[in-house]
Amino acid sequence: MTFRFWIYFIMILTLHGCGGRPVVVPTQPVGIPLEEVCSRYHVTWQWDGVTQVVMMEYRGNISKAIVGSSTVLIGQQQVILSAPLRRENSTIYVPEDFETKVIAPFGVPIAGLAPVESSSRVHAIVIDAGHGGKDLGTMDPSREMHEKEIVLDVAKRLKMLLENAGIKVIMTRDTDNFISLPERTVIAARSGADLFVSVHVNSNPDHAVSGFLVYYLDSIGKREVNEEQRKENVRTFLRSLHAEGSNTLQAIVTDMMDTLKATQSQKLAKLIVREARTEPGVKVRGDGIRLCRFFVVRNTLVPAVLVETGFLSNHLEHNKLISSLYRQKIAEIIARGVLDYANE
(Lines give C-alpha, C1' and ligand atoms only; values in the text may rest on other atoms or scores of the structure.)
Protein backbone atom coordinates (compact mmCIF):
# COMPACT_ATOMS: atom_id res chain seq x y z
CA MET A 1 0.00 0.00 0.00
CA THR A 2 1.17 3.48 -0.74
CA PHE A 3 1.83 6.20 1.79
CA ARG A 4 -1.11 8.20 0.35
CA PHE A 5 -3.46 5.26 0.96
CA TRP A 6 -2.48 5.03 4.63
CA ILE A 7 -3.01 8.75 5.10
CA TYR A 8 -6.46 8.43 3.55
CA PHE A 9 -7.27 5.38 5.71
CA ILE A 10 -6.25 7.19 8.91
CA MET A 11 -8.38 10.19 7.93
CA ILE A 12 -11.43 7.95 7.50
CA LEU A 13 -10.89 6.43 10.94
CA THR A 14 -10.45 9.88 12.45
CA LEU A 15 -13.64 11.20 10.90
CA HIS A 16 -15.84 8.20 11.66
CA GLY A 17 -14.23 6.80 14.78
CA CYS A 18 -12.83 3.32 15.37
CA GLY A 19 -15.14 0.37 15.92
CA GLY A 20 -17.92 1.97 13.86
CA ARG A 21 -18.86 4.50 16.54
CA PRO A 22 -19.12 8.07 15.22
CA VAL A 23 -17.19 10.84 16.86
CA VAL A 24 -19.57 13.31 18.47
CA VAL A 25 -18.55 16.87 17.76
CA PRO A 26 -19.92 19.23 20.41
CA THR A 27 -22.06 22.02 19.04
CA GLN A 28 -22.26 25.54 20.34
CA PRO A 29 -25.51 26.33 22.16
CA VAL A 30 -27.92 28.43 20.13
CA GLY A 31 -29.70 31.26 21.90
CA ILE A 32 -29.57 32.45 25.48
CA PRO A 33 -29.92 30.59 28.79
CA LEU A 34 -33.54 30.43 29.96
CA GLU A 35 -32.36 30.97 33.54
CA GLU A 36 -30.87 34.35 32.59
CA VAL A 37 -34.03 35.49 30.81
CA CYS A 38 -36.35 34.49 33.65
CA SER A 39 -34.03 35.98 36.26
CA ARG A 40 -33.91 39.26 34.31
CA TYR A 41 -37.69 39.54 34.25
CA HIS A 42 -38.37 37.92 37.64
CA VAL A 43 -40.32 35.05 36.11
CA THR A 44 -40.36 31.80 38.10
CA TRP A 45 -39.77 28.61 36.13
CA GLN A 46 -39.18 24.90 36.51
CA TRP A 47 -38.18 22.03 34.25
CA ASP A 48 -39.32 18.40 34.45
CA GLY A 49 -36.42 16.19 33.36
CA VAL A 50 -38.76 13.26 32.60
CA THR A 51 -41.38 14.98 30.44
CA GLN A 52 -38.95 17.74 29.27
CA VAL A 53 -41.69 20.29 29.98
CA VAL A 54 -40.65 23.81 30.99
CA MET A 55 -43.27 25.76 32.94
CA MET A 56 -43.04 29.52 33.61
CA GLU A 57 -45.24 31.63 35.86
CA TYR A 58 -45.68 35.33 36.48
CA ARG A 59 -48.53 36.61 38.67
CA GLY A 60 -50.71 33.63 37.88
CA ASN A 61 -49.98 33.67 34.13
CA ILE A 62 -48.72 30.28 32.99
CA SER A 63 -46.58 29.45 29.96
CA LYS A 64 -45.42 25.99 28.92
CA ALA A 65 -42.84 24.72 26.45
CA ILE A 66 -41.08 21.44 25.69
CA VAL A 67 -37.34 21.09 25.21
CA GLY A 68 -36.79 20.16 21.57
CA SER A 69 -39.90 22.00 20.37
CA SER A 70 -40.33 25.55 19.05
CA THR A 71 -43.96 25.73 20.19
CA VAL A 72 -44.85 27.61 23.38
CA LEU A 73 -48.27 27.83 25.01
CA ILE A 74 -49.07 31.14 26.74
CA GLY A 75 -52.38 30.40 28.44
CA GLN A 76 -54.47 29.10 25.53
CA GLN A 77 -52.40 30.89 22.88
CA GLN A 78 -49.85 29.02 20.77
CA VAL A 79 -46.62 30.82 19.82
CA ILE A 80 -44.02 29.50 17.35
CA LEU A 81 -40.41 30.47 18.03
CA SER A 82 -37.65 30.77 15.42
CA ALA A 83 -35.87 27.72 16.86
CA PRO A 84 -36.64 24.98 19.40
CA LEU A 85 -35.62 25.07 23.04
CA ARG A 86 -32.37 23.18 23.56
CA ARG A 87 -30.65 21.58 26.51
CA GLU A 88 -26.88 21.41 26.84
CA ASN A 89 -25.89 19.52 29.99
CA SER A 90 -28.05 21.13 32.67
CA THR A 91 -28.68 24.43 30.84
CA ILE A 92 -31.76 25.12 28.74
CA TYR A 93 -31.31 27.59 25.89
CA VAL A 94 -34.05 29.59 24.17
CA PRO A 95 -33.87 31.47 20.84
CA GLU A 96 -33.51 35.26 20.65
CA ASP A 97 -37.20 35.87 19.88
CA PHE A 98 -38.26 34.09 23.09
CA GLU A 99 -38.06 37.40 24.94
CA THR A 100 -40.41 39.30 22.60
CA LYS A 101 -42.79 36.42 21.81
CA VAL A 102 -43.09 34.83 25.26
CA ILE A 103 -41.89 37.18 27.98
CA ALA A 104 -43.45 40.39 26.58
CA PRO A 105 -46.99 38.90 26.27
CA PHE A 106 -46.68 37.94 29.93
CA GLY A 107 -46.89 41.66 30.63
CA VAL A 108 -43.79 41.49 32.79
CA PRO A 109 -42.53 44.90 33.96
CA ILE A 110 -38.92 45.63 34.79
CA ALA A 111 -38.25 45.75 38.50
CA GLY A 112 -36.10 48.44 40.06
CA LEU A 113 -37.32 51.42 38.02
CA ALA A 114 -38.86 54.02 40.28
CA PRO A 115 -41.69 56.03 38.67
CA VAL A 116 -40.93 59.65 37.95
CA GLU A 117 -41.99 61.94 40.79
CA SER A 118 -44.63 64.64 40.28
CA SER A 119 -42.03 67.27 41.17
CA SER A 120 -39.56 65.92 38.62
CA ARG A 121 -37.68 68.27 36.31
CA VAL A 122 -38.22 65.79 33.46
CA HIS A 123 -41.64 65.31 31.89
CA ALA A 124 -40.64 64.53 28.31
CA ILE A 125 -37.54 63.18 26.59
CA VAL A 126 -36.38 62.78 23.00
CA ILE A 127 -34.82 59.40 22.24
CA ASP A 128 -32.70 59.45 19.12
CA ALA A 129 -31.88 56.08 17.55
CA GLY A 130 -28.83 56.81 15.44
CA HIS A 131 -28.56 56.20 11.68
CA GLY A 132 -31.37 54.31 9.89
CA GLY A 133 -32.51 53.55 6.36
CA LYS A 134 -29.67 53.98 3.87
CA ASP A 135 -27.34 54.92 6.73
CA LEU A 136 -26.32 51.57 8.25
CA GLY A 137 -23.99 53.07 10.84
CA THR A 138 -21.21 50.83 12.15
CA MET A 139 -20.98 47.73 9.97
CA ASP A 140 -21.26 44.30 11.55
CA PRO A 141 -18.52 42.05 10.06
CA SER A 142 -20.80 39.02 10.47
CA ARG A 143 -23.73 40.93 8.91
CA GLU A 144 -26.03 39.68 11.67
CA MET A 145 -27.07 43.16 12.87
CA HIS A 146 -25.83 46.60 11.87
CA GLU A 147 -25.72 49.61 14.17
CA LYS A 148 -29.00 51.06 12.88
CA GLU A 149 -30.88 47.89 13.92
CA ILE A 150 -29.21 47.52 17.32
CA VAL A 151 -29.80 51.12 18.38
CA LEU A 152 -33.42 51.16 17.19
CA ASP A 153 -34.11 48.09 19.29
CA VAL A 154 -32.46 49.69 22.35
CA ALA A 155 -34.38 52.94 21.74
CA LYS A 156 -37.74 51.13 21.59
CA ARG A 157 -36.97 49.26 24.80
CA LEU A 158 -35.91 52.52 26.45
CA LYS A 159 -39.13 54.18 25.29
CA MET A 160 -41.24 51.47 26.91
CA LEU A 161 -39.32 51.65 30.18
CA LEU A 162 -39.57 55.44 30.47
CA GLU A 163 -43.22 55.58 29.47
CA ASN A 164 -44.01 52.96 32.11
CA ALA A 165 -42.24 55.24 34.60
CA GLY A 166 -44.44 58.19 33.60
CA ILE A 167 -42.22 60.12 31.15
CA LYS A 168 -43.47 61.22 27.75
CA VAL A 169 -41.18 59.96 24.97
CA ILE A 170 -40.63 61.46 21.52
CA MET A 171 -38.71 59.28 19.07
CA THR A 172 -36.70 60.81 16.23
CA ARG A 173 -37.36 57.54 14.43
CA ASP A 174 -39.25 54.38 15.37
CA THR A 175 -38.79 52.52 12.07
CA ASP A 176 -35.87 51.79 9.76
CA ASN A 177 -35.97 55.16 8.01
CA PHE A 178 -33.31 57.77 7.34
CA ILE A 179 -33.53 60.99 9.36
CA SER A 180 -30.88 63.66 8.74
CA LEU A 181 -28.92 65.13 11.63
CA PRO A 182 -30.54 68.60 11.26
CA GLU A 183 -34.00 66.99 11.25
CA ARG A 184 -33.25 65.19 14.50
CA THR A 185 -32.42 68.46 16.26
CA VAL A 186 -35.50 70.16 14.79
CA ILE A 187 -37.67 67.36 16.22
CA ALA A 188 -36.11 68.04 19.60
CA ALA A 189 -36.63 71.81 19.35
CA ARG A 190 -40.31 71.39 18.45
CA SER A 191 -41.03 68.70 21.03
CA GLY A 192 -40.80 70.74 24.23
CA ALA A 193 -38.77 67.89 25.73
CA ASP A 194 -36.54 68.30 28.78
CA LEU A 195 -33.76 65.90 27.72
CA PHE A 196 -32.21 64.48 24.56
CA VAL A 197 -30.59 61.02 24.52
CA SER A 198 -28.97 59.68 21.34
CA VAL A 199 -28.17 55.95 21.15
CA HIS A 200 -25.26 54.61 19.09
CA VAL A 201 -22.80 51.72 18.73
CA ASN A 202 -19.07 52.35 18.63
CA SER A 203 -16.27 50.97 16.45
CA ASN A 204 -12.47 51.07 16.42
CA PRO A 205 -9.77 49.72 14.07
CA ASP A 206 -8.16 48.24 17.18
CA HIS A 207 -10.49 45.31 17.87
CA ALA A 208 -9.27 45.09 21.47
CA VAL A 209 -10.96 48.40 22.33
CA SER A 210 -14.27 47.96 24.15
CA GLY A 211 -16.56 49.55 26.70
CA PHE A 212 -19.68 51.60 27.36
CA LEU A 213 -19.29 55.40 26.98
CA VAL A 214 -21.46 58.51 27.32
CA TYR A 215 -20.57 61.72 25.47
CA TYR A 216 -21.67 65.27 26.31
CA LEU A 217 -20.87 68.91 25.49
CA ASP A 218 -19.47 70.68 28.55
CA SER A 219 -19.79 74.29 27.40
CA ILE A 220 -21.63 76.39 24.84
CA GLY A 221 -19.13 78.72 23.22
CA LYS A 222 -19.39 81.32 20.51
CA ARG A 223 -18.83 78.68 17.87
CA GLU A 224 -21.85 76.67 19.01
CA VAL A 225 -24.09 79.68 19.58
CA ASN A 226 -23.46 80.96 16.06
CA GLU A 227 -24.02 77.65 14.32
CA GLU A 228 -26.85 78.11 11.82
CA GLN A 229 -28.75 74.98 12.78
CA ARG A 230 -28.67 75.93 16.44
CA LYS A 231 -29.93 79.44 15.69
CA GLU A 232 -32.78 77.94 13.65
CA ASN A 233 -33.65 75.59 16.51
CA VAL A 234 -33.65 78.53 18.94
CA ARG A 235 -36.09 80.39 16.69
CA THR A 236 -38.30 77.29 16.52
CA PHE A 237 -38.26 76.94 20.29
CA LEU A 238 -39.00 80.61 20.90
CA ARG A 239 -41.94 80.50 18.51
CA SER A 240 -43.41 77.74 20.65
CA LEU A 241 -43.13 80.13 23.64
CA HIS A 242 -44.54 83.05 21.61
CA ALA A 243 -41.36 84.90 22.54
CA GLU A 244 -39.81 85.49 19.12
CA GLY A 245 -40.75 89.18 19.09
CA SER A 246 -38.71 90.25 22.11
CA ASN A 247 -34.94 90.41 21.71
CA THR A 248 -34.44 90.84 25.48
CA LEU A 249 -36.59 87.83 26.28
CA GLN A 250 -34.85 85.81 23.59
CA ALA A 251 -31.44 86.62 25.07
CA ILE A 252 -32.55 85.67 28.59
CA VAL A 253 -34.17 82.40 27.50
CA THR A 254 -31.26 81.26 25.33
CA ASP A 255 -28.71 82.14 28.03
CA MET A 256 -30.68 80.11 30.57
CA MET A 257 -30.89 77.16 28.18
CA ASP A 258 -27.17 77.28 27.45
CA THR A 259 -26.24 77.38 31.14
CA LEU A 260 -28.63 74.54 31.95
CA LYS A 261 -27.41 72.43 29.05
CA ALA A 262 -23.72 72.76 29.93
CA THR A 263 -24.11 71.80 33.59
CA GLN A 264 -26.90 69.26 33.38
CA SER A 265 -25.59 67.28 30.41
CA GLN A 266 -22.54 66.27 32.43
CA LYS A 267 -24.72 65.31 35.39
CA LEU A 268 -26.92 63.10 33.20
CA ALA A 269 -23.86 61.48 31.62
CA LYS A 270 -22.36 60.65 35.02
CA LEU A 271 -25.62 59.17 36.31
CA ILE A 272 -25.99 56.88 33.29
CA VAL A 273 -22.38 55.72 33.66
CA ARG A 274 -22.94 55.14 37.38
CA GLU A 275 -25.80 52.80 36.53
CA ALA A 276 -23.71 51.03 33.90
CA ARG A 277 -21.06 50.23 36.52
CA THR A 278 -23.66 48.40 38.63
CA GLU A 279 -24.81 46.16 35.80
CA PRO A 280 -23.10 42.73 35.68
CA GLY A 281 -21.58 41.92 32.31
CA VAL A 282 -21.36 45.54 31.15
CA LYS A 283 -17.88 47.00 30.86
CA VAL A 284 -17.41 50.77 31.19
CA ARG A 285 -14.43 52.19 29.31
CA GLY A 286 -12.21 54.23 31.65
CA ASP A 287 -14.23 56.82 33.55
CA GLY A 288 -17.08 56.28 31.11
CA ILE A 289 -17.61 59.89 30.00
CA ARG A 290 -16.14 61.87 27.12
CA LEU A 291 -16.45 65.41 25.78
CA CYS A 292 -17.69 65.77 22.22
CA ARG A 293 -18.99 68.14 19.59
CA PHE A 294 -21.29 65.74 17.80
CA PHE A 295 -23.88 67.54 15.69
CA VAL A 296 -26.97 66.33 17.54
CA VAL A 297 -25.41 67.04 20.93
CA ARG A 298 -24.28 70.59 20.20
CA ASN A 299 -27.36 71.67 18.21
CA THR A 300 -30.01 70.57 20.68
CA LEU A 301 -31.08 73.15 23.24
CA VAL A 302 -31.77 70.95 26.25
CA PRO A 303 -29.34 68.76 28.24
CA ALA A 304 -28.15 66.14 25.79
CA VAL A 305 -25.97 63.02 25.81
CA LEU A 306 -24.89 60.48 23.23
CA VAL A 307 -24.60 56.93 24.53
CA GLU A 308 -22.16 54.57 22.82
CA THR A 309 -23.48 51.19 23.97
CA GLY A 310 -20.34 49.23 23.09
CA PHE A 311 -17.90 48.42 20.29
CA LEU A 312 -19.27 46.28 17.48
CA SER A 313 -15.66 45.91 16.31
CA ASN A 314 -14.81 44.04 19.53
CA HIS A 315 -15.64 40.32 19.30
CA LEU A 316 -16.93 40.00 22.87
CA GLU A 317 -19.09 43.11 22.76
CA HIS A 318 -20.30 42.24 19.27
CA ASN A 319 -21.70 38.97 20.62
CA LYS A 320 -23.35 40.84 23.48
CA LEU A 321 -24.86 43.60 21.34
CA ILE A 322 -26.57 41.16 18.99
CA SER A 323 -28.23 39.55 22.04
CA SER A 324 -31.71 40.87 22.86
CA LEU A 325 -31.10 40.26 26.56
CA TYR A 326 -28.00 42.47 26.53
CA ARG A 327 -29.81 45.21 24.62
CA GLN A 328 -32.46 45.08 27.33
CA LYS A 329 -29.72 45.58 29.93
CA ILE A 330 -28.46 48.65 28.05
CA ALA A 331 -31.98 50.12 27.84
CA GLU A 332 -32.45 49.60 31.57
CA ILE A 333 -29.11 51.27 32.35
CA ILE A 334 -30.07 54.39 30.39
CA ALA A 335 -33.59 54.41 31.85
CA ARG A 336 -32.29 54.20 35.41
CA GLY A 337 -29.81 56.99 34.73
CA VAL A 338 -32.56 59.22 33.29
CA LEU A 339 -34.85 58.50 36.25
CA ASP A 340 -32.02 59.15 38.71
CA TYR A 341 -31.57 62.53 37.04
CA ALA A 342 -35.31 63.23 36.92
CA ASN A 343 -35.92 62.42 40.58
CA GLU A 344 -32.86 64.17 42.09
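In which strand is the place of Ala65? I found Ala65 in strand 4, which covers residues 61–66. I note at the start that the model is predicted.

**Ala65**

I looked up its accessibility next. Ala65 counts as buried because its relative accessibility is 3%, and the cut-off for buried is under 20%. I then took the C-alpha separation between Ala65 and Val79, which comes to 9.8 Å. Those two residues are 14 apart along the chain.

**Thr172**

I made the matching entry for Thr172. Thr172 lies in the loop that runs between strand 10 (168–171) and helix 5 (181–191). With a relative accessibility of 5%, Thr172 counts as buried. From Thr172 to Val186 is 14 residues along the chain, and I have 9.5 Å between their C-alpha atoms.

**Helix 4**

How far apart are the end C-alpha atoms of helix 4? Helix 4 takes in residues 147–164, which is 18 residues. At 1.5 Å a residue the helix should span 26 Å, and its end C-alpha atoms are 26 Å apart, so the two values agree.

I listed the buried residues of helix 4. Among them are the hydrophobic-looking entries I expected to write down, Ile150, Val151, Leu152, Val154, Ala155, Leu158, Leu161 and Leu162. The list also holds Glu147, Lys148 and Arg157. An α-helix has 3.6 residues a turn, so residues three or four places apart point the same way.

Just after helix 4 I checked the backbone. Gly166 has a positive phi there, about 100°.

**Helix 7**

I repeated the length check on helix 7, residues 228–240. Its 13 residues should span 18 Å at 1.5 Å a residue; the end C-alpha atoms are 19 Å apart, which I enter as agreement. The buried residues of helix 7 are Gln229, Arg230, Asn233, Val234, Thr236, Phe237 and Leu238.

**Positive phi outside glycine**

Is Asn89 buried or exposed? Asn89 is exposed, at a relative accessible area of 71%. I place Asn89 in the loop between strand 7 (86–88) and strand 8 (91–94). Its phi is positive, near 60°, and Asn89 is not a glycine.

I also looked up His131. His131 is not a glycine either, and its phi is positive at about 65°. The residue sits in the loop between strand 9 (124–129) and helix 4. His131 is buried because its relative accessible area is 19%, with the limit for buried set at under 20%.

**Cavity**

How many cavities of 30 Å³ or more does a search of the whole structure find? I got 1. The space in the largest cavity is about 60 Å³. Its lining consists of Ala188, Ala189, Gly192, Ala193, Phe237, Leu301 and Val302. Phe237 also appears in my list of buried residues for helix 7. By class I count 6 nonpolar residues and 1 polar residue in the lining, with no charged residues.

**Rings and charges**

Searching the whole structure for aromatic pairs, I found 1. I then looked for charges over rings. The charged end of Arg121 sits over the ring of Tyr341, and its distance from the ring centre is 4.4 Å. I noted Lys134 as well: this residue lies over the face of Phe178, 4.7 Å from the ring centre.

Definitions and conventions. Residues numbered from 1 in each chain as written. Predicted model: local features only at pLDDT ≥ 70, side-chain atom pairs only at ≥ 80, totals over all residues. Heavy atoms only, no water. 1 Å grid on protein atoms, 1.4 Å probe; cavity = no way out; pocket = protein on both sides within 12 Å on 5 of 7 lines; lining within 4 Å. Points joined across faces, edges and corners; volume = space filled by probe spheres on them. Nonpolar A, V, L, I, M, F, W, Y, C, P; charged D, E, K, R; others polar. Phe/Tyr/Trp six-rings, centres within 6.5 Å; stacked < 30°, edge-to-face > 60°. Lys NZ or Arg CZ within 6 Å of the ring centre and 35° of its normal. Helix = DSSP H or I, 4+ residues; strand = E, 2+ residues; numbered from the N terminus. Expected span 1.5 Å × (residues − 1). Buried < 20%, exposed > 50% of the residue type's maximum accessible area, 1.4 Å probe, protein only.
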